[in-house]
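Please open the complex in your viewer and keep the selection panel at hand. The tour below moves from a whole chain to one of its elements and then to the parts that call for caution.

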Amino acid sequence: MKERGINKKGQLTLFIILGIIIFAGIFAFIFWVQPTFISNSASKLNFDGCVEKVMTDSITELALTGGYINPGFSYIYRGQEIPYFIYTSEYYKPGLNQNPFPIKKFEEELSTYTELGIEGCYSNSISKLRSLGFDVVEGNPKIEMIMFPESVRVMVNAPTTISTEQYQEFVIDTPTNINGILEIVNKIVYEEALYGTTDTFELMTTNRGYLIQNFKQNDGTKIFTIEDKNYGTKYQFATRSYVRPAGFDSDALLVALDSE
Amino acid sequence: MANAFKIYSLILLLGILLIPAIIASDSNPTYCCEKLKGTGDNVGSCISAPISQCNDSLRKVQSSCENTNYCQVGTCFDSSSGLCGANTAKSTCLASGGEFIAQKIEQAPQCQLGCCVLLENAKITTLTQCKSLGTFSGINAQYDPSITSSSECIAKSQTKDMGACVTQTDTGRQCILTSRGECGGSEGSIVSGLYQEGDIKTFYSGYLCSAGALATTCAKQAKTECAGQDDEDVYWFDSCGNKENIYTGLDNSETIDKISDNNGLIANIDDLKKKTSDVKGNCDYLGSDGSFGTVCAQKTKEDGTDDEESTKVTNFCRNTSCTYDGEPKRNTESWCETDPNNKNPILKINSENKFVNDSSSKDPNTSAESFGLEPVGAEYIRKQCLDGEIITDSCMSYRKEVCIEGTKLVSDDEYQPIAGCVANRWESCLIQTNKDDCNDYVNRDCVWLSSESDEIEILADTNSRLLITEEGIEISKQTEKERDGKQKGVCVPRSSPGFDGTSSDELCHMASVSCEVTYERGFYAGAKNWYCDKVGFFCGDEAHYNKDGEVDETLTGDEGFKIIKNKECTEQKWAVAANKICVRQGDCGSYNNIEGEHYKENGYSIKASIEPGFEIVGLQKELNKWIDEKE
């Protein structure tokens, strides 16, 4: 009986020693070796929601002014500056394209417009983590953006360390149908530049889920609005092409007759 | 006749609409501004404007932009996206990071369109755009430059070799429905109704993932969803989320829609229609065969439920037609409307794109005489029934656009009414001198009023002229017999243009009609005194003229003139006829507005070539009578 008791005590001691060694090993590994867990998930920083909101709000706002932060050369419609994508000041002549690549332009402007907001999301997230007691080393974020057919991808390159975890890049996809809208914009710009007329009814028949309207102004300017019925995003831009005067204009009439 | 004395009287029936014309002045010449003044990158490029609006530091030339190198117009190509911008100035293109092509978009090789197929999706794109889309979506895009029609392109995507791509895993046989190319696995085979063991990844052409023979983890017909082209139809989906065949109908008493299941094989709609005439999931967006249009939608309480139908079926073909003024309207059908007081018939073109109305028509709704009589302020709109709602689109104001109705082919032999706002090309009507040129609908929108109508007959018989010369455009002798003996008539706008108050005088002058009336001195040829008698036409009762046509109040006498030519021009009938021509030129003459108010004396004036002028007694009464007939 005594021998068995000694053996049991010995076994217990051995387990305790082994336990201490293992624990010490893990402790040493974490604090001295500092392992690296690299992730591109922004969820740890509670980052995704903030960026998605910035993107969604920005897309909605920019779309109303044809993708321009500063619409510049525009028509004032219901108090809003609507940029001209096609314009001529003359009668009976085709308008010239002022924005040949609306998709590219939107992407550029969106990138500029959201930069501060996304940086704000990042730094707010860092501050929150610090306030929760995390040891955080933040990076200098560099932001890139790509528009996909059904989403906009934001890539925030910001080497970040939270306690023992390291992050290199955060990738956030925001669902949007702005690309679909911009494809319709391309079609309208093409029609207006070449013919000065677009059949919005036909466009709606072939591009279902969009409300495409054309508000004609007295000076020949047309305000096009394309509204995505699912997302509610509304895009606006103006054109002025092949304008006819009201009634008679001597110079214009000569141009019209010459072109016959 | 030796003593015959002719007096030439110029009579003008003149439309007046208040605001004088704004004449372009050379005191403020326009320049081609490379860019306008302003900040930012969107300031307006290659725009004709006064020099004060041009950007000081950039190029500007007092010329049309067409004549400058920096504003040379061509096509702008973006080599990364493959997109092309039409009608772009060189400087705008380069500033946008594009490649300038000095050709029209239709001719630019980089901008030629073809069919880009990405699995089940297909669209018309440029080659570069197709490659770019393929890269983005991680799919091997296929491009066919020989297909440029959207419908053909879509059809091509649907004929791709689709099938079940099965991957053997520890948790069973996983499956996705995809194309052979995308699957990339080995060719699978079915023997005696069961798959044969093969590679880890195997492609079973023509099979659904839920096919019993494949023994995958996907259970058939788990739910319905909207799918197909534009999510138009109701389809079955398996428990793995793979699309199956179109829904054909499933009662509560059944567990499987057997026709749709098709023994686990992919079937197109036409195949299934051979098995049942009523494919319940086959919605018809445009409507045909008596249907007014349906589209796949999620069932809601408001839509009501079919008690007989399985609860797995959560989608149905929702009606997309509309009712307007008690009339059913098919989905996407469109039609024209105008102001209630505008009795001008809506322009219609037939399936051959020819206008229904012509000068020979006796139908009051389609005859030439029925057109061009829009009241002042009249505009056109068009409406469309779309997905159960009615949408309105206004044509350009001042009748710069008018609405026309036609038809479009929606199925093999079925046409649907459509309406469109089109430019009102009235400008060259007045200078057309024969019926064929006038009715040349390819180039203009005019109608020929022939001498078969009373008003033209009287104008023609009296050699009345439309005579204004404006800026080098000579418009004269429109109805003169000698000019075109066979085709006496006048070419007038099919739809009269409206004025915005800045140019009406000029145009209304164009519509002025003149008539030369010849007077002969009376029987007493040796009489000393000249005067106008009481029934005379251009002289007042008490006015007296000497032989030089000057007023001489001292002159008296009983002898008068006898009108020997064109007495009709001194009568109401002629003036009414001239007014009918006048009102067709725009907001001119004596007519009404959309509120039904008459434009009376201030819509026209009558002048003689010698003072003090004249009036046609009771003319306005006659004009009102004609206007009332039109209302």
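The stops that follow concern chain B of a predicted model.

Begin with the complex as a whole, to which the predictor gives an ipTM of 0.80 and a pTM of 0.80. Then select chain B and colour the chain by pLDDT, whose mean there is 79, with 78% of the residues reaching 70 or more.

Switch to a cartoon view of chain B, where the secondary structure comes to eleven helices and 38 strands. Of the 631 residues in this chain, 50% are buried, and if a surface is added, the accessible area comes to about 30,100 Å², with 48% of that area belonging to carbon and sulfur atoms.

Next, select residues 454–461 of chain B, which form helix 8, and show the side chains of E455(B), I456(B), I458(B), L459(B) and A460(B), which are buried. What do these buried residues pack against? Extend the selection to strand 30 (446–450), strand 34 (489–493), strand 35 (513–514) and helix 10 (572–583), for these elements of chain B are their packing partners. Before leaving this site, step to N463(B), just after helix 8, which takes a positive phi of about 55°.

Finally, select residues 470–475 of chain B, where pLDDT stays under 50 although the model has 19 contacts beyond four places in sequence for them. Residues 522–545 of chain B also stay under 50, and for this stretch the model has 64 such contacts beyond four places in sequence. Where pLDDT is low, the predicted coordinates should not be read in detail.

Technical notes
Residues numbered from 1 in each chain as written. Chains lettered and ligands numbered in written order. Predicted model: local features only at pLDDT ≥ 70, side-chain atom pairs only at ≥ 80, totals over all residues. Heavy atoms only, no water. pLDDT = per-residue confidence, 0-100. Contact = heavy atoms within 4.5 Å. Buried < 20%, exposed > 50% of the residue type's maximum accessible area, 1.4 Å probe, protein only. Helix = DSSP H or I, 4+ residues; strand = E, 2+ residues; numbered from the N terminus. Areas by Shrake-Rupley, 256 points an atom, 1.4 Å probe, with all protein chains shown as cover.
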